[in-house]
Amino acid sequence: MAAKQTLLAAMVLDGQIIDADLVMGAIDQWLAAAGSDPTTAWHKRQNTWEIEPWLELLPFTTRPDAVFDGLTKVKAFYGRDWTQRWERVLTAVAAVPDAAGIALLTSLARAHKDIADEHAWMQAILNRGTLESVLLYVDLFIERILGTEPHGADAWHVGRQLAKYAQSLPELKPHLRRRYETVGNGLGRTMLEHFFGEAASDEDLLAMVKKYAANSQAYDGQMARAVEAVAVDKVPVAEGSNSYSIYPAPVGSLRKALFDLLNGSPTEATIAKRCLEAIDKLRDEHGIAANDTRHPDVMSERPWPPDVEIS
């Protein structure tokens with residue numbers, strides 16, 4: 001069986017699709033042999049190195065979804081007292097390309113989340129590096145399928161990871177904002193707000209203002225971080241550096257939108273005013289972008305007083 005598995009693995013690496021029945025037959029054969037003698041079955045349950053290589057072949061067979069049947073059978077053999085992780089199977093499924101891989105990963109997370117820890121799931125899905133894979137992870141986190149382990153990937157960590165992907169996937173931000181506009185209160189919302197605290201756009205901040213107002217929620221530190229993300233640009237001093245040069249970002253259109261909200265509901269007006277005050281403080285500290293008006297009330301259309309030299 002070991003020689004047969006090595007041959008099939010080489011075929012898969014060569015890009016060939018192998019017969020699902022052949023692999024499932026080998027798995028059934030191993031399970032029958034492993035369970036035939038109770039005095040040796042415990043030894044088989046102590047490790048996974050014999051059977052896991054067969055399971056990780058299944059995503060590359062004529063029936064990729066056979067991996068679910070394979071996992072169900074093997075996990076039943078190991079039982080609750082001998083629970084194992086199956087990270088290699090997750091890695092194999094994550095390597096299936098295109099929409100088929102996304103569909104398989106989605107089903108795997110819903111049916112067999114326990115095969116790997118939270119960090120392994122996040123790495124396997126996000127490392128695909130596509131818009132579809134990032135949104136899959138976000139949706140699984142919002143649905144509380146992922147992100148539930150006490151020491152797993154928390155909302156803050158996920159938000160920071162999403163900010164990195166937003167740099168290489170500019171189309172990601174509108175999708176995340178639409179999810180934020182419809183998400184209920186909970187860790188999914190918190191995760192997206194942490195993302196805004198790292199990489200918010202004008203539209204993201206305005207969506208936060210409306211969400212806060214709808215929930216009668218006061219301006220807080222999380223929104224302050226989103227305001228800073230919009231109002232200043234942080235440019236690394238060198239590639240890969242954790243040190244940044246900070247420059248003022250254009251906020252003219254954002255300030256106009258916030259001034260409009262001063263005429264909205266009392267809660268919206270209160271939050272919008274706090275945002276405007278925070279923007280002004282950041283402009284005092286870091287300067288004003290080249291094309292931004294200096295006048296604090298951009299809707300007044302009054303000219304800014306001329307600079308006067310004081311002797």
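# Notebook: holes, pockets and helix pairs

**Entry 1, the cavity.** I started with the closed spaces, and the largest cavity came out at about 40 Å³. I'm working from a predicted model here. How many cavities of 30 Å³ or more does the count give? The count comes to one. I then looked up what surrounds the largest cavity, and the lining is Ala231, Val232, Pro248, Val251, Ile279, Leu282, Arg283, His286 and Gly287. Sorted by class, that lining has six nonpolar residues, two polar ones and one charged one. Which helix gives the most to this lining? I found that H16, the helix of residues 266-286, does, with four residues.

**Entry 2, the largest pocket.** Next I went to the open spaces. The largest pocket holds about 870 Å³. I got 25 residues for its lining, and those nearest the centre of the pocket are Ala163, Gln167, Glu198, Lys234 and Tyr244. Which elements each supply at least two residues of the lining? My list reads H10, H12, helix H14 (221-231) and strand E1 (232-236). H10 has the largest share of that lining, with eight residues. I also sorted the lining of the largest pocket by class and got nine nonpolar, eight polar and eight charged residues.

**Entry 3, the second largest pocket.** This pocket has a volume of about 170 Å³. I noted its lining as Gln5, Ala9, Val12, Leu13, Pro53, Glu56, Leu57, Phe60, Arg88, Thr91, Ala92 and Ala95. Two elements turned up as giving two or more residues to it, namely helix H1 (2-13) and helix H6 (87-94). The largest share, four residues, is from H1. By class I have eight nonpolar residues in this lining, along with two polar and two charged.

**Entry 4, H10 against H12.** Both helices had come up in the lining of the largest pocket, so I checked how they pack, and H10 (residues 155-168) sits at an angle of about 45° to H12 (residues 187-199), with the axes 7 Å apart. That angle makes H10 oblique to H12. Is the crossing left-handed or right-handed? For H10 and H12 it is right-handed. On the H10 side, I wrote down Ala155, Trp156, Val158, Gly159, Arg160, Leu162, Ala163 and Ala166 as the residues that meet H12. From H12, the partners are Leu187, Thr190, Met191, His194, Phe195, Glu198 and Ala199. By class, this contact has ten nonpolar residues, three polar and two charged. I spotted two names from Entry 2 here: Ala163 and Glu198 are in this contact and also among the residues nearest the centre of the largest pocket.

**Entry 5, H7 against H9.** My last look-up was another helix pair. Helix H7 (residues 98-111) packs with helix H9 (residues 131-142) at an angle of about 20°, and their axes are 11 Å apart. Why do I call this pair roughly parallel? Angles under 35 degrees count as roughly parallel, and the angle of about 20° therefore makes H7 roughly parallel to H9. H7 crosses H9 in a right-handed way. I listed Ile102, Leu105, Thr106, Ala109 and Arg110 as the H7 part of the contact, and Glu132, Ser133, Leu136 and Leu140 as the H9 part. That contact divides into five nonpolar, two polar and two charged residues.

Technical notes:
Residues are numbered from 1 along each chain as its sequence is written. This is a predicted model: local features need pLDDT of at least 70, side-chain atom pairs count only at pLDDT 80 or more; totals for chains, interfaces and linings use all residues. Side-chain values use heavy atoms; hydrogens and water are left out. Axes are lines fitted to C-alpha atoms, for helices over the stretch in contact, and angles run from 0 to 180 degrees between N-to-C directions. Angles under 35 degrees count as roughly parallel, over 145 as roughly antiparallel, 65 to 115 as roughly perpendicular and the rest as oblique. A crossing is left-handed if the near helix is turned anticlockwise from the far one by less than a right angle, and right-handed if clockwise. Contact means heavy atoms within 4.5 Å. Ala, Val, Leu, Ile, Met, Phe, Trp, Tyr, Cys and Pro count as nonpolar, Asp, Glu, Lys and Arg as charged, and the others, Gly among them, as polar. On a 1 Å grid over the protein atoms alone, a cavity is a set of points where a 1.4 Å probe fits but cannot get out, and a pocket is an open set with protein on both sides within 12 Å along at least five of seven lines; lining residues have an atom within 4 Å of a point. Grid points are joined across faces, edges and corners, and a volume is the space filled by probe spheres set on the points.
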